[in-house]
Amino acid sequence: MPGTNKSILLQANEAIVAGDHEGFLSHCTDDIRWTTVGEGTLEGKEAVRQWMKGAYATPPQFKVDHLIAEDHTVVALGTIIANGDDGQPTEFTYSDVWRFRDRKMAELRAFVVPTGKSR
């Protein structure tokens, strides 16, 4: 899978889990558009960088159950354990729909739902 959009996304996720925000952002276009459905949209790397400083101050854990790719789109389905609104580790089910441009992540539509399980 080297060099595929799937492998790029997996490398980017590994950077997040390692707490390497800049490593993650190196896989993104400068004009990335990051939408978390129901919460809002971030425009550009700097907005994502600032969001990650708070939301991913404690690196999340990902479990990817399915990774589906077609053309310039990769869909990841799985679970994530991240700090919830109360600051406690919480499990979420997610579906991330990524659009790639020139081998970089250009757009995200994230659907994130808490499972109700605290960790």
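This report looks at the largest pocket of a predicted model and at two strand pairings beside it in the text.

The model is predicted, with local features needing pLDDT of at least 70 and side-chain atom pairs counting only at pLDDT 80 or more, while totals for chains, interfaces and linings use all residues. Residues are numbered from 1 along each chain as its sequence is written, and side-chain values use heavy atoms, without hydrogens and water.

**The pocket.** A pocket is an open set of points on a 1 Å grid over the protein atoms alone, where a 1.4 Å probe fits, with protein on both sides within 12 Å along at least five of seven lines; lining residues have an atom within 4 Å of a point. The largest one holds about 570 Å³ of space, a volume being the space filled by probe spheres set on the points. Its lining has 25 residues, and Glu39, Trp51, Tyr56, Phe92 and Val112 lie nearest the centre. By type, the lining splits into 16 nonpolar, 6 polar and 3 charged residues; Tyr, Trp and Cys count as nonpolar here, and Gly as polar. Among the elements that each supply at least two lining residues are H1 (5-17) and H3 (45-55), but the largest share, 5 residues, is from S5.

**The strands.** Helices (H or I, at least four residues) and strands (E, at least two) are DSSP runs, and two strands pair if DSSP finds at least two bridges between them.

| Antiparallel pair | Bridges |
|---|---|
| S3 and S4 | 9 bridges |
| S4 and S5 | 11 bridges |

Val64 faces Gly78 of S4, and Val75 has Val97 in S5 as its bridge partner. The S3–S4 hairpin has 2 residues between its strands, with Asp71 in the turn at a positive phi of about 50°. In the S4–S5 hairpin, 5 residues lie between the strands and Gly87 has a positive phi near 85°.
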